[in-house]
Structures are given as C-alpha cells and as structure tokens.
Amino acid sequence: MGSPNVREINGSDLISALHLAQQAPVILGPNPKSATSSSGTAEEYGRIEQLFLACLRTGDDQSAQTCLDRLSHRFGPANERVMGLHGLYQEATAKDRAALEKIREEYEKILNENPVNVPIMKRRVALLRSLDRPTDAITALIQLLDALPTDAEAWCELADLYQGQGLGSQAIFSLEEALLIAPNAWNIHARLGELLYVSSSSPDSDAPRLVSKSVQHFSRSIELCDDYLRGFYGLILATSRMIEDGHADARPSNTNSSAAGASRKTLEQLKRFALQRLGEIVQSRSVDDQHWASSRSELIAAKELLNRS
C-alpha cells in the first residue's frame, strides 16, 4: 500500500530507483519548470509518476516536485491520484512528527468531504502506521475495505497489523479473504502458512489442524512458484512439526484435504523434497550478487535451517 518512509529502501530496489532518478534530466527536459504542456500519452505520464517515486526515494526532492507539478497541471490538483501523490510528497519531506500529524489532519478533512477518496484513505493508513498508531490504522483499513472489499493488498496489510497486535485468528481471516481475491498469489499462501504455523504454538489452539493447514498452504505456494524460498522453508518447518509431534496420522473431522491427515511417509517425502529444493535455491542464489543483496537475511536463515536438518 506504500509506506510514508518512502526513502527507506535498500538492495535491488535502491539500485533501480537510483538508475531511474538519474534519468530525470532526460525525462523532464533541459528546462523542466517551463514545460507546462497538457499533451502527452498515458504511458509518458506513467513514466513521470515512476520518476516521481524514484526521486523521492533517492532524496531528489526538487525533481520530485517538478514531476508532481507536471502531473498536477495535466490532471488537476483535485484528481484523487494526484492528491495521493501530493500527500506522499508531504510525508516524505516532513521534518518531524508534528508535521506528520498536520498532514494526517489534512487527510481527515479531505475524507470528510469525500469519504471514498481511495488514494487518501491509503495514505492515511500508511501514515498512521508510521506514527505508530496501529489501532487507528486497523480502523482506517477496515473503513477502506468497506469501500473497496476486493483490495487484496489491503487485506494483507490488515493481517500484518492484526498479527502485530497479537490477534492471530483475525490475521488468518484477513489473509483468507485476500486469497479469495488472489487465489494464485503464492506469497500470500506462504504468509498464511506462516501465520497458521505460528498460531499452532498457542496453548489453547487446535495444533494438529492448524499445522496441517499450514502444510497445505506452503505446498500450494511452491506449486504456484517452484523457486519460492519462503514456501520451501515453511514446508520444512511444518512437516517436521507434524512428524515430531506425532500428528502425521491425525484426521480432523469434516475435511477431505490431502495434507490434513497425511501419512508419516507422505510428510517425510514432502520434507525431503523441500530440503533438496531449498538447498538448490540457496546454492544458486548465493553466487548471484543481485539475489544475495536483495534477500541476504532469507538466505542466511535458509542455510541455518539446512545445517540443522
């Protein structure tokens, strides 16, 4: 949904942003302030928006302002998308918390006039998270989803907020809603598998059911993306847990799923497959500088899991 801390990026994202930001003089022209034409294709203005974001991320506020002026001139300052970008610029250049609170108040005024201004609703959520107000951010996200219930990204963010507040069942429900909208999103399947796995450790939880469901979602994740490291990592943990806790033959009622009630042999085969594939992924990515820079922590964790196994 976009964080107010737009400058806080690293790895391959930073490299891409720097590369695009360096093209600002070419894209904006030799005298950017004088260019006020309303002509231009949707693709050209899309490029200017991407340049705006890249310039903000790399600290080129002057070029970012020029991009914003171009977009505002073309589409009008009252355009909802332009209003959202303007808010993002204000957040990125705010000097302190007081300035951010003032921006939040401006968002509230805008939403009082137009309660379904989606870009501003999203900026409000991101800003509340930046201000460390998770309860208010949850309330704002629920309002957003009332207006836009098919926003899978918003459901995922709501799940993250619920999880941060220790509300595991609500987080699981939110990700299940996201999967109804994006059933082939392997990363959401893996994230749901992680939440189910973590929730199974609660003393009052139905551990066999939750862990076996996590196996289902991790399996679906790697089925959809056969080199998704987090999916294989999670599958190893979940199958190991079922085997070690003696839940391999547990058969929860009212379910015909293949993972729930899977035999010990099946779970051991899944675990061996996941270990082998994870080892191949780690080996290939460890010699790839770009992968190493962008997912260093994941690769280190995967290596540690392989060593333990």
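This short talk goes through three helix pairs, one pocket and one serine in a predicted model.

First, the ground rules. Residues are numbered from 1 along each chain as its sequence is written, and side-chain values use heavy atoms, with hydrogens and water left out. Because the model is predicted, local features need pLDDT of at least 70 and side-chain atom pairs count only at pLDDT 80 or more, while totals for chains, interfaces and linings use all residues.

Let me start with α3 and α5. Helices here are DSSP runs of H or I with at least four residues, strands are E runs of at least two, and both are numbered from the N terminus. Helix α3, residues 42–57, packs against α5 at an angle of about 10°, with the axes 11 Å apart. An axis is a line fitted to C-alpha atoms, for helices over the stretch in contact, and angles run from 0 to 180 degrees between N-to-C directions. α3 and α5 are therefore roughly parallel to each other; the cut-offs are under 35 degrees for roughly parallel, over 145 for roughly antiparallel, 65 to 115 for roughly perpendicular, and oblique for the rest. On the α3 side the contact uses E49, F52, L53 and L56, and on the α5 side R81, L85, L88, Y89 and A92. Contact means heavy atoms within 4.5 Å. By class, that gives 7 nonpolar, no polar and 2 charged residues. Nonpolar covers Ala, Val, Leu, Ile, Met, Phe, Trp, Tyr, Cys and Pro; charged covers Asp, Glu, Lys and Arg; the others, Gly among them, are polar.

α5, residues 80–93, also meets α6, residues 97–113, and their axes come within 10 Å and cross at roughly 165°. α5 and α6 are therefore roughly antiparallel. The crossing is right-handed, meaning the near helix is turned clockwise from the far one by less than a right angle; anticlockwise would be left-handed. M83, G87, L88, Q90 and E91 of α5 face L100, I103, E106, Y107 and I110 of α6 in this contact. The split is 6 nonpolar, 2 polar and 2 charged.

Next, α8 and α9. Helix α8, residues 134–147, packs on α9 at about 155°, with axes 10 Å apart. This pair is therefore roughly antiparallel too, and α8 passes α9 in a left-handed crossing. From α8 come P134, A137, I138, L141, I142, L144 and L145, and from α9 come A154, W155, E157, L158, L161 and Y162. That contact has 12 nonpolar, no polar and 1 charged residues.

Now the second largest pocket, with about 310 Å³ of space. Its lining includes C156, E157, D160, R191, E194 and R230. α9 (152–164) and α11 (186–199) are the elements that give two or more residues, and α11 gives the most, with 5. The lining divides into 6 nonpolar, 1 polar and 5 charged residues.

Last, S219, in helix α12, residues 207–224. S219 touches L235 and L270, leaving aside residues up to four places away in sequence. The C-alpha atoms of S219 and A190 are 8.5 Å apart, with the two positions 29 residues apart along the chain.

How values were computed
1 Å grid on protein atoms, 1.4 Å probe; cavity = no way out; pocket = protein on both sides within 12 Å on 5 of 7 lines; lining within 4 Å. Points joined across faces, edges and corners; volume = space filled by probe spheres on them.
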